[in-house]
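Hi everyone, thanks for making the time. Let me put the structure up, and then we can walk through it together.

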Amino acid sequence: MTVKALQTLTTGRNGVGAFILQCKKMDIHYCDWAGSSKGMNGFIKSILPKFAAANPQIEFVVSPRPSKHPVVIGHYINGREKAICVRNLEPLQILKKVELLRDASGEKLRKVNKPVQSVNESVRGVWSPYHGNGMAV
Amino acid sequence: MSRALLRSVLELRTPITLLPPAFLLPMPIRLGATSTAAARRFFNQTAQIIEPVPQPPPAATPSPSSSVSAQAQEHLETTFTRESETTTPTTPSTPLDESVRTLLPLLAAQPGHYVTIHIHGRPYLVTEGDSIRLPFKMPGAEPGDILRLNRASVVGSRDYTLQGAPYVDERLFTCRAVVTGTESEPMRVVVKKKRRTRRTTHKFSKLRFTMLRISEVKISDVKEIEG
């Protein structure tokens, strides 16, 4: 059996020290002509400037996509992306979707049963039957 | 022409795009960090409890620009005080117990600490750097917000444990958490079916959870508490 070096890799703990928003870029696609883009066009005109000013960490890219439904695509630091089709939605409904993309971490959705996730060692150590005063049977 | 005008007006029609007047806002508007934060808060529609940022006293040297930028650097601090009815609020004049005064420095001197914090009555045993997935979406919490968690039932190190009855005095420790975002679970599908009937309905649900990261767990100094 070969001797292996101990592998210790640092794990990212976003928020300890600095906090970095995971959403780095948002693509916003609209169509000038189509009716499903009506709410999106209103969103781009009225709400998006304020939202973009309030979130300077995110790069917003607005581009036309003629004769297609409007789409918002969020790009995340971990390389993944999330796309939401916002056809026929009102501007405030689109705002909710955009907030959802901003707050997301970019990870795949999975069911988690334990509320606390920790990479630290147990503070009080692991109980051992061979140490201490022992147990009275 | 008139149709185009009407259409553009309809597109721009959003009922609450403007902030309510300043006296209706949940927090006083000031220069610097707070006003920008208030503008940011507009995008989340819920009113929230925000700890007032300590205003520096007007210094003799007139340097308003530097003070404003220093304030902008500060994080907005939110106190989580929605379950304050469970304990009597501790006034600063309450003297510390003798055992706490002698043993708290020993607890603080040990390297690792854990805290069992309570959020809406549920306990979470955390150390620094842990992430918590709350079983609900905290209204109004935005990524980057800092919460101060001041309800703890247990504060401990390897050999010492400080047990509260029911909660530890909030002057004895500082626990802060950063809101890292909102996550959700995979879509749940529940099939509703009655016997001897072909009809089925599918019910979909997808819960949202606020994620926190414990950024600071600190045990206070006894001398600082007593002043």
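Let's begin with a cysteine: B:Cys175 has a relative accessibility of 0%, so it counts as buried. Over in the other chain, A:Cys31 sits at 4%, which means it is also classed as buried. And how many disulfides does the structure hold over all chains? Zero.

Please keep in mind that this is a predicted model, so let me turn to confidence. Chain B has a mean pLDDT of 76, with 59% of its residues at 70 or more. Where in chain B is confidence lowest, and where is it highest? The low end is helix H3 of chain B, residues 64-73, with a mean of 38, while strand S10 of chain B, residues 200-205, reaches 98. Residues 59-90 of chain B have pLDDT below 50, though the model gives that stretch 52 contacts beyond near neighbours in sequence. Where pLDDT is low, the coordinates should not be read in detail, so please go easy on those contacts.

Now, the nonpolar cores. The largest one has 30 residues, and B:Ile117, B:Val155 and B:Ile214 have the most contacts inside it. Elements of chain B that give it two or more residues include helix H4 (98-109), strand S2 (114-119), strand S8 (173-184) and strand S11 (208-219).

B:Ile214 brings us back to our opening cysteine: beyond four places in sequence, its contacts include B:Cys175, B:Ile117, B:Leu149 and, from the other chain, A:Val16.

Finally, there is another core apart from the largest one, with 23 residues, among them A:Ile47, A:Leu48, A:Ile58 and A:Ile94.

Technical notes
Residues numbered from 1 in each chain as written. Chains lettered and ligands numbered in written order. Predicted model: local features only at pLDDT ≥ 70, side-chain atom pairs only at ≥ 80, totals over all residues. Heavy atoms only, no water. pLDDT = per-residue confidence, 0-100. Helix = DSSP H or I, 4+ residues; strand = E, 2+ residues; numbered from the N terminus. Contact = heavy atoms within 4.5 Å. Disulfide = S-S within 2.5 Å. Buried < 20%, exposed > 50% of the residue type's maximum accessible area, 1.4 Å probe, protein only. Core = buried A, V, L, I, M, F, W, Y, C linked by side-chain atoms within 4.5 Å.
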